[in-house]
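Please examine the sequence and the model shown below. The paragraphs that follow lead from an annotated site to the surroundings of a ligand.

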Amino acid sequence: MILDLDIGNTLSKWRLKDADSSEIRSRGAVWTREEWRPGADIPDLDVVEAVRISSVARAAVLEETVGLLRRRVRNVHVARSTAEALGVVNGYEEPERLGVDRWLGALAGYQLAGGCCAVDCGSAITIDFVLPGGQHLGGFIVPGLRLMKESLKLGTRNVAIDPESEADALLEPGRRTVDAVNHGIYMAAVSAINRIYSEVCDQEGVALPMLLTGGDARVVSRGVQVPHAVWPDMVYGGLEARFPLTFAERAGKMAGAPRVPEPVSLEKIRAGLAFSMLL
Ligand SMILES: Nc1ncnc2c1ncn2[C@@H]1O[C@H](COP(=O)(O)OP(=O)(O)O)[C@@H](O)[C@H]1O
Ligand SMILES: CC(C)(COP(=O)(O)O)[C@@H](O)C(=O)NCCC(=O)O
Ligand SMILES: [K+]
């Protein structure tokens, strides 16, 4: 079994992948913490032959985790942001400072779709762009839904947006605090994504397919007007591309990858942008 670990600022996600069949056998998530108990927080390591890790948590958490894993598993791969990988050129002035989850998302998106807009709706919402030739442009970082809500300190932190609620309902003015906050932060997130996407496609003269991941991807997806695909395993896809271990991975296959969404034409994107400027 291969253990893939995606340590975010809020949640640490894991999945177990069968190295022979490429099937995902199990998955889970726990709050990001300093110490791990194999068999409780993460799977029992007896069945694990290799580990691949993406971590944006504090360096101490990563060190602790890698130390623990290396005592039990020989093959431990830790992803880092680099200046170039798999045909993608990192757009950061200091490439190693780009969050590795963003880098892996960009690599997975490029491997799947070529040029792309990779959006990760987690603790932060990150919006990264890769051009068809592989140049990563850099991106945008916005506080995530939960962070926005907590920063308001209005006592609404425990009332999440109902993922089943209609996108239209979230556009209505709230008539109680929890709705005003939920509708407000939802609009802040989706309008930022819609606008940033259009601006960058306009600047670069290319309509890019959009891919969405992260804990809030499903709810955010309802308000994103641009054609897009939700890809819960996008960061894992980057780990597979970066450290291919199975036959399928060496052939470029990423488990759970969606169909590439067909972007609307650049003319339409530009018309939408021009229209929104008039309002
Ligand atoms: N069951 C859940 N538990 C915690 N957070 C959730 C849950 N469902 C959705 N979320 C949202 O997902 C975010 C965490 O998503 P994730 O992509 O794992 O973030 P990160 O990678 O930053 O840890 C939270 O900030 C919250 O807004
Ligand atoms: C922007 C992030 C906090 C997003 O992390 P997440 O919300 O997935 O936990 C993370 O990618 C990070 O710490 N990046 C380093 C700064 C940068 O990318 O510029
Ligand atoms: K994120």
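Lys 13 offers a starting point in this predicted model: the residue is located in strand 2, which covers residues 11-17. With 21 other C-beta atoms within 10 Å, Lys 13 is buried, since the threshold for that class is 20 or more. Leaving aside residues up to four places away in sequence, Lys 13 touches Asp 6 and Ala 29.

Both Lys 13 and its contact Asp 6 belong to a set that UniProt, in an unreviewed entry, lists under "binding site". The set also includes Ile 7, Gly 8, Asn 9, Thr 10, Leu 11, Ser 12 and Ser 123. Although these positions span 118 residues in sequence, no two of their C-alpha atoms are more than 13.3 Å apart, and they therefore gather at one spot.

Ile 7, another member of the listed site, is part of strand 1, residues 2-7. Ile 7 has 22 C-beta neighbours inside 10 Å and so counts as buried. Beyond residues up to four places away in sequence, the contacts of Ile 7 include Ser 12, Thr 32 and Val 61, together with Ile 53, Ser 54, Ser 55, Val 56 and Ala 57.

The next step is the ligand. Around ligand 1 stand Gly 8, Asn 9, Thr 10 and Leu 11, along with Gly 122, Ser 123, Gly 144, Leu 145, Arg 146, Gly 214, Gly 215 and Asp 216. By class, this shell comprises eight polar, two nonpolar and two charged residues. Because domain 1 (2-78) and domain 2 (84-278) both contribute residues to the shell, ligand 1 lies between them.

Technical notes:
Residues are numbered from 1 along each chain as its sequence is written. Chains are lettered from A and ligands numbered from 1 in the order in which they are written. This is a predicted model: local features need pLDDT of at least 70, side-chain atom pairs count only at pLDDT 80 or more; totals for chains, interfaces and linings use all residues. UniProt positions are given in the numbering used here, feature names are shortened, and annotations may be inferred rather than shown by experiment. Helices (H or I, at least four residues) and strands (E, at least two) are DSSP runs, numbered from the N terminus. A residue is buried if 20 or more other C-beta atoms lie within 10 Å of its own, exposed if 12 or fewer, and partly exposed in between; C-beta atoms are placed from the backbone. Two residues are in contact if their C-beta atoms, placed from the backbone, lie within 7 Å. A residue is near a molecule or strand if its C-beta atom, placed from the backbone, lies within 6 Å of it. Ala, Val, Leu, Ile, Met, Phe, Trp, Tyr, Cys and Pro count as nonpolar, Asp, Glu, Lys and Arg as charged, and the others, Gly among them, as polar. Domain bounds come from an automatic or database domain assignment.
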